[in-house]
Amino acid sequence: MQRSELAVPASSEKFFEKAAKGPADGIFLDLEDAVVPELKDKARELAVAALNEIDWGNKIMAVRVNSLDTKWAYRDIIAVAERCPRLDLILLPKTNMAADVYVVEQLLDGIEATIGRKKPIGIEVLIETAAGLANVEEIAQASDRLEAMIFGVGDFTISMRARDPFTGESNPRYRMYGRNEKGERELHWNDPWHFALARIATTCRAFGLRPLDGPYADFKNPEGFRSSAERASALGFEGKWAIHPSQVEIANEVFAPDPKELAWAKIIKEAMAASGGNGAIQLDGKLVDLAHIKLADALLERQALVDARKR
């Protein structure tokens with residue numbers, strides 16, 4: 001379960017202990033965008049030490065390595081995969097094609113065979129370029145190690161040459177005028193990244209991966225972050241990045257079933273059980289059938305994961 005994945009710069013040791021004790025489901029130690037070139041090598045060693053020396057509890061631990069077109073990537077992957085038994089995932093940025101995943105898979109295959117690692121390291125990819133989105137279905141099928149896809153809106157904006165400086169927010173340029181039923185003109189706002197989000201979510205569900213939404217830059221705007229998370233949740237995403245600890249609790253709340261949903265699920269299950277096995281019944285004037293049972297089961301199963309995370 002990855003309701004929240006907290007970004008922690010690998011070059012900032014002061015944040016490690018606080019992140020480990022916080023409520024995030026997962027953490028990624030960042031060797032890429034959060035680290036300037038002259039500190040890349042030092043940050044790599046700090047990430048290795050942090051993974052080996054800090055008690056991260058039951059969190060999902062990832063390292064965002066540098067992209068494969070840089071001089072640091074292969075050393076990042078080898079260092080953390082060979083030396084960090086606690087590592088769960090390699091987070092691969094700027095994944096453009098299935099071959100990118102294949103390269104990481106082959107490196108991990110060789111490393112694990114050499115050191116005799118029993119627990120395989122998974123891969124999560126950032127879809128943050130036009131090429132990545134164009135090839136997203138092929139990327140999703142590239143490796144059995146692949147677990148999750150993340151929409152990286154910041155770099156995607158750059159790749160698309162879109163004029164959008166507000167990472168994760170709506171763009172005031174992306175709007176249109178329409179007329180209401182009185183014939184009056186009204187301004188309507190749209191989401192410029194809806195297509196990308198929906199395509200990533202659909203691809204993940206088709207191929208058994210976890211879809212995760214990316215960053216919301218204005219961490220001092222909790223309501224804006226909540227709105228962004230709720231949008232992603234409505235599209236079927238599992239969770240969202242948090243670039244600041246203050247965003248974690250909001251993500252955990254949004255991507256968990258709320259009390260009303262759980263109450264509904266229990267009522268549906270009880271009503272269907274009381275019907276004697278009928279495939280469809282009427283409940284409060286509404287049709288309830290086996291599709292509703294599947295939805296109720298999914299909600300209850302997700303709540304069980306939430307409860308397990310708390311223990």
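Which residues are linked with D30 in a network of salt bridges? They are E32, R64, K94 and D155, which join D30 in that network. Bear in mind that this is a predicted model. Searching the whole structure turns up 22 salt bridges, and three pairs get a closer look here.

| Pair | Closest N to O distance |
|---|---|
| R44 and D41 | 3.2 Å |
| R83 and E45 | 2.9 Å |
| R210 and E147 | 3.0 Å |

Let's start with R44 and D41, a salt bridge inside one helix. Both residues sit in helix 2 (residues 40-53), three residues apart, so about one helical turn separates them. Buried or exposed: what is R44? R44 has 3% relative accessibility, so it counts as buried, given that the cut-off for buried is under 20%. Its partner D41 has 39% relative accessibility and counts as partly exposed.

Next comes R83 with E45, whose closest N and O atoms are 2.9 Å apart. This pair ties together distant parts of the chain: R83 belongs to helix 3 (residues 73-83), E45 to helix 2, and they are 38 residues apart. Both ends are partly exposed, with R83 at 39% relative accessibility and E45 at 40%.

Finally, there's the salt bridge between the side chains of R210 and E147, at 3.0 Å from N to O. Here, too, distant parts of the chain are linked, with R210 in strand 9 (residues 210-213), E147 in strand 6 (residues 146-151) and their positions 63 residues apart. E147 has a relative accessible area of 29%, so it is partly exposed.

Notes: Residues numbered from 1 in each chain as written. Predicted model: local features only at pLDDT ≥ 70, side-chain atom pairs only at ≥ 80, totals over all residues. Heavy atoms only, no water. Salt bridge = Lys/Arg side-chain N within 4 Å of Asp/Glu carboxyl O. Helix = DSSP H or I, 4+ residues; strand = E, 2+ residues; numbered from the N terminus. Buried < 20%, exposed > 50% of the residue type's maximum accessible area, 1.4 Å probe, protein only.
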